[in-house]
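Colleague: Please put the model up, and then I will ask about it part by part.

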Amino acid sequence: MAPQIKDVPTKPYDGQKPGTSGLRKRVKIFQQEHYTENFVQSILDSITAKGASLVIGGDGRFLVKETVQTILRIAAANGVAKLIIGRDGILSTPAASNVIRKYKADGGILLTASHNPGGPNNDFGIKYNVSNGGPAPENVTNKIFEKTKTISSYKVVEGEKDLDLNTLGDKEFAGMKVQIIDSVTDYVKMLQEIFDFDLIKSFLTSRAPEFKVLFDGLHGVTGPYGKAILVETLGLPASVVQNAVPLPDFGGGHPDPNLTYAKSLVDKVEKENIQFGAASDGDGDRNMIYGKGAFVTPSDSVAIIADWADRIPYFKKGGVKGLARSMPTSAAIDLVAKKKGVECFEVPTGWKFFGNLMDAGRLSICGEESFGTGSDHIREKDGVWAIVAWLNILAAANRESPNELIGIKEILQKHYKVYGRNFFSRYDYEEVPSEGANEMVDALNKQITSKSLVGSKFASKSTGSAFVVSEAYNFDYTDPIDKSVSKNQGQVVRFEDGSRVVWRLSGTGSHGATVRMYVERYVEPGKGDAELFRDTSEGLKGLIEVALEISKLKEYLKREEPTVIT
């Protein structure tokens, strides 16, 4: 019997413009009549839906399962040939990217708001990934947005029961093929082809219980991935994984792996003298590395992975084609690229910019300061990949120094002695009034345009240190592959001593505005241990004061303190 397809009349909703990571709004907005259906139909209208094969999965947050059923009905009505769906509608974002590539799908619809809180009163998100496994480029997201502004109806299959998403295997829904896959299996197999799991297991076994490990899934999607890798594959006890059950509201927490929201991990690492602690976010594309007395900034993390890449089988075999970072990320990886003699790119925030370079064969390892790190094994940042990369590095370092235990702190200190240290911190001001945020940006732009900042001297009241502005500009980027131009990607002020400050309005929130301020100060390797190894807050104190003075951030945002400091 042919499926019953109905054209449902609808009207456009304002503001359905996908950002760098899709459309993110409060759950209650997505629950409005026709809202989700409009956006899904607009995605399908922007691609060749008829005969397509698409991957569907999400981070397990509230509304994911219901939305998967909605997609099933709309996809079948639009002639999609096949959907590949993670069990219970769950796939980490990196796992979804891998599945798109492995099964040669035409694209994927990912249901996630990444590191944003979940639950009925918090956030939901939908984004489209293209056939390379990466986020849709602007020419696709712009097309989707244009469709949302003119949509007058959407197609849906009626009279079909909800599909069982829990049972693995091949199924059929209204004449459309559906394959329910295990959310973890393909991803773990991929990592086993990248890293030296035998070396990691040998190291962890031989140095137990001296070298302790703790992974925090923050009740996001990666708990089962952590268990499959650390417990089932590497043979560690179940106690090394905490908050491992994915929950629709992430246990009431904020699934963002940083020092503020992963505090239970930090506290346990310090209390129990754990050498290796790690956390991932709601959808698994971000990570934090933290050992006893040693926090690894995302900027340092990607630089160190790049420096040790020849100990990782994937890169030992294929080489490192190039390195890259997002503009706000510190220049630590630039120093590694220079020493290794490989290209290094500075791109806007957004993983799609890395994807173009990867597809062109010019990029292997890259990172964003927002705890996103990855490589060309897929086309998304990959939190669990970065965590296993660090375990591979630590195992290799201890093999090379068998008479001393090398932990995270020792890796960091060795790196600073060779390359110097890029003191780096990010101040996040979340859910601030959009009006004040825009006024701050406008004021900075006026100073940039007039060049009034250049040559100005600013002194820190607490440290006495002085900073003279050498240049101020808006960061623009011309993609070396497709020649597309991205303007106004962040405001940058550089100082004569090489320090810099960046301000950027973030596009990943769902309510109000988020302003991020990044401060970076470089110290050369010959300055001595006392200077290289000092606390980050001390190393940046004077520069942070000057950054707040230049931007008048507290006045515009009406905030005395940031929401998060990383």
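Modeller: A polar contact here is a pair of N or O atoms within 3.5 Å; within protein, one must be able to donate a hydrogen and the other to accept it, and residues adjacent in sequence count only if both atoms are side-chain atoms. This is a predicted model, in which local features need pLDDT of at least 70 and side-chain atom pairs count only at pLDDT 80 or more, while totals for chains, interfaces and linings use all residues. Residues are numbered from 1 along each chain as its sequence is written, and side-chain values use heavy atoms, with hydrogens and water left out.

Colleague: Which backbone nitrogen lies 2.9 Å from a polar atom of the side chain of E520?

Modeller: E520 is found in strand β26, residues 513-523 (strands are DSSP runs of E, at least two residues, and helices are runs of H or I, at least four, numbered from the N terminus). The side chain of E520 also makes a polar contact of 2.8 Å with the side chain of R500. The backbone nitrogen at 2.9 Å is that of A331.

Colleague: Is E520 buried or exposed?

Modeller: Buried means under 20% relative accessible area, exposed over 50%, and partly exposed in between (1.4 Å probe, protein chains only). Contact means heavy atoms within 4.5 Å, and beyond four places in sequence E520 touches residues including T329, F423, L540 and L543. With a relative accessibility of 5%, E520 counts as buried.

Colleague: Between which domains does the largest nonpolar core lie?

Modeller: A nonpolar core is a set of buried Ala, Val, Leu, Ile, Met, Phe, Trp, Tyr and Cys residues joined through side-chain atoms within 4.5 Å. The largest one has 76 residues, of which L191, F195, F276 and W390 touch the most other members. Helix α14 (residues 383-400) gives the largest share, 13 residues. Because both give residues to this core, it lies between domain 1 (5-182) and domain 2 (187-419).

Colleague: How far apart are the centres of domain 1 and domain 3?

Modeller: The bounds come from an automatic or database domain assignment. That assignment gives domain 1 (5-182), domain 2 (187-419) and domain 3 (421-565). Taken over C-alpha atoms, the centres of domain 1 and domain 3 are separated by 37 Å.

Colleague: Which residue shares a side-chain polar contact of 3.3 Å with Y261?

Modeller: Y261 sits in the loop between β11 (241-242) and α9 (263-271), and at 23% relative accessibility Y261 counts as partly exposed. Leaving aside neighbours within four places in sequence, the contacts of Y261 include L218, H254, T563 and V564. The side-chain partner at 3.3 Å is E430.

Colleague: What is the count of disulfides?

Modeller: A disulfide is taken as a pair of cysteine sulfur atoms within 2.5 Å. For C344, the nearest cysteine sulfur is that of C366, 10 Å away. C344 is partly exposed at 30% relative accessibility, whereas C366 is buried at 0%. The count of disulfides is zero.

Colleague: Which residue takes a positive phi just after α8?

Modeller: Helix α8 spans residues 223-233, and its buried residues are G223, Y225, G226, A228, I229 and L230. What covers these buried residues includes α4 (93-102), α6 (185-194), α7 (197-206) and α14. Just after α8, the positive phi, about 80°, belongs to G235.
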